[in-house]
Amino acid sequence: MTEDSQRNFRSVYYEKVGFRGVEEKKSLEILLKDDCLDIEKLCTFSQRFPLPSMYRALVWKVLLGILPPHHESHAQVMMYRREQYSDVLHALEVIRFISDATPQVEVCLYMHRLESGKLPRSPSFPLEPEDEVFLAIAKAMEEMVEDSIDCYWLTRCFVNQLNNKYRDFLPQLLKAFEQYLNLEDSRLLSHLKTSSAVSKLPYDLWFKRCFAGCLPESSLQRVWDKVISGSCKILVFVAVEILLTFKIKVMALNSAEKITKFLENIPQDSSDAIVSKAIDLWHKHCGTPVHSA
């Protein structure tokens, strides 16, 4: 048996017995042992493979700039991050903007607003649309990480990435969505247009919130791996795959309101398969994009 066939046999065997990605995990461990983490290689890995859960928070913190590439600085930098978190939290408590009863995701929002110089005069002020996005992402992040400080920094930096790095590209996702849905199933797109649903699909939920509140966290984090590591275009293919997966249901609905309502509350038990197929579609149409929206 040749070396390649042995490797392929092992991969199939590992997948069957529940050890899918064993070789990929070892590759990531090697990357993480370097004294100075190679950001480009971490991005490439994250876009090719799902991150193992035990390393996801660390990789995200490095890719989002919360931690520097140098291992020896991690402890000190996280100490500064914790001190900054405590100082901002204390400031909100002093001005009585938050209390022990304030939900953690709202605490994260007010901390972000204070540090951004956009804290309203009162927590009773109505939320801005950008606040709703922040809360949705924070709520999902809270389910992914155990530490409240990690939750704050990851949410804050992820939202900043969306608002800065992807600011110009996010509005283009609608056009890309129609383009790729047409390539995959033109009849389905025609039905959406006939039903006047194209302009009313839940694009804010899909693209601005990056599916937070739409997909369960176990599936969502695989999508965020790709977004954080350099490509928000994966969001388009998740949206396309949702339509393809529920094509029969969507085709049976003849009003924009009914279609949108269904897509805002898709069955959760299909989410893992949807994300896997969406990643396949992403690679099919885009190859393995690195450092590109």
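In this predicted model, the second largest pocket is lined by 24 residues, and those that lie nearest its centre are P129, E130, V133, N163 and K208. The volume of this second largest pocket is about 660 Å³. Several helices take part in forming the lining, since at least two residues of it are supplied by each of α6 (104-115), α7 (129-144), α8 (148-164) and α11 (203-208). Of the elements that contribute, α7 provides the largest share, with 6 residues of the lining of the second largest pocket. When the lining residues of this pocket are sorted by class, 11 are nonpolar, 9 are charged and 4 are polar.

A second feature concerns the packing of two helices. Such a pair is described by the angle between the two axes together with the distance between them. For helix α4 (residues 53-63) and helix α12 (residues 217-228), the axes come within 10 Å and cross at roughly 25°. Because angles under 35 degrees count as roughly parallel, α4 and α12 are therefore described as roughly parallel to each other. The crossing of α4 and α12 is, in addition, left-handed. On the side of α4 the contact is made by R56, W60 and L63, while α12 takes part through Q221, R222, W224, D225 and I228. Taken by class, the residues of the contact of α4 with α12 comprise 4 nonpolar, 3 charged and 1 polar.

How values were computed
Residues are numbered from 1 along each chain as its sequence is written. This is a predicted model: local features need pLDDT of at least 70, side-chain atom pairs count only at pLDDT 80 or more; totals for chains, interfaces and linings use all residues. Side-chain values use heavy atoms; hydrogens and water are left out. On a 1 Å grid over the protein atoms alone, a cavity is a set of points where a 1.4 Å probe fits but cannot get out, and a pocket is an open set with protein on both sides within 12 Å along at least five of seven lines; lining residues have an atom within 4 Å of a point. Grid points are joined across faces, edges and corners, and a volume is the space filled by probe spheres set on the points. Helices (H or I, at least four residues) and strands (E, at least two) are DSSP runs, numbered from the N terminus. Ala, Val, Leu, Ile, Met, Phe, Trp, Tyr, Cys and Pro count as nonpolar, Asp, Glu, Lys and Arg as charged, and the others, Gly among them, as polar. Axes are lines fitted to C-alpha atoms, for helices over the stretch in contact, and angles run from 0 to 180 degrees between N-to-C directions. Angles under 35 degrees count as roughly parallel, over 145 as roughly antiparallel, 65 to 115 as roughly perpendicular and the rest as oblique. A crossing is left-handed if the near helix is turned anticlockwise from the far one by less than a right angle, and right-handed if clockwise. Contact means heavy atoms within 4.5 Å.
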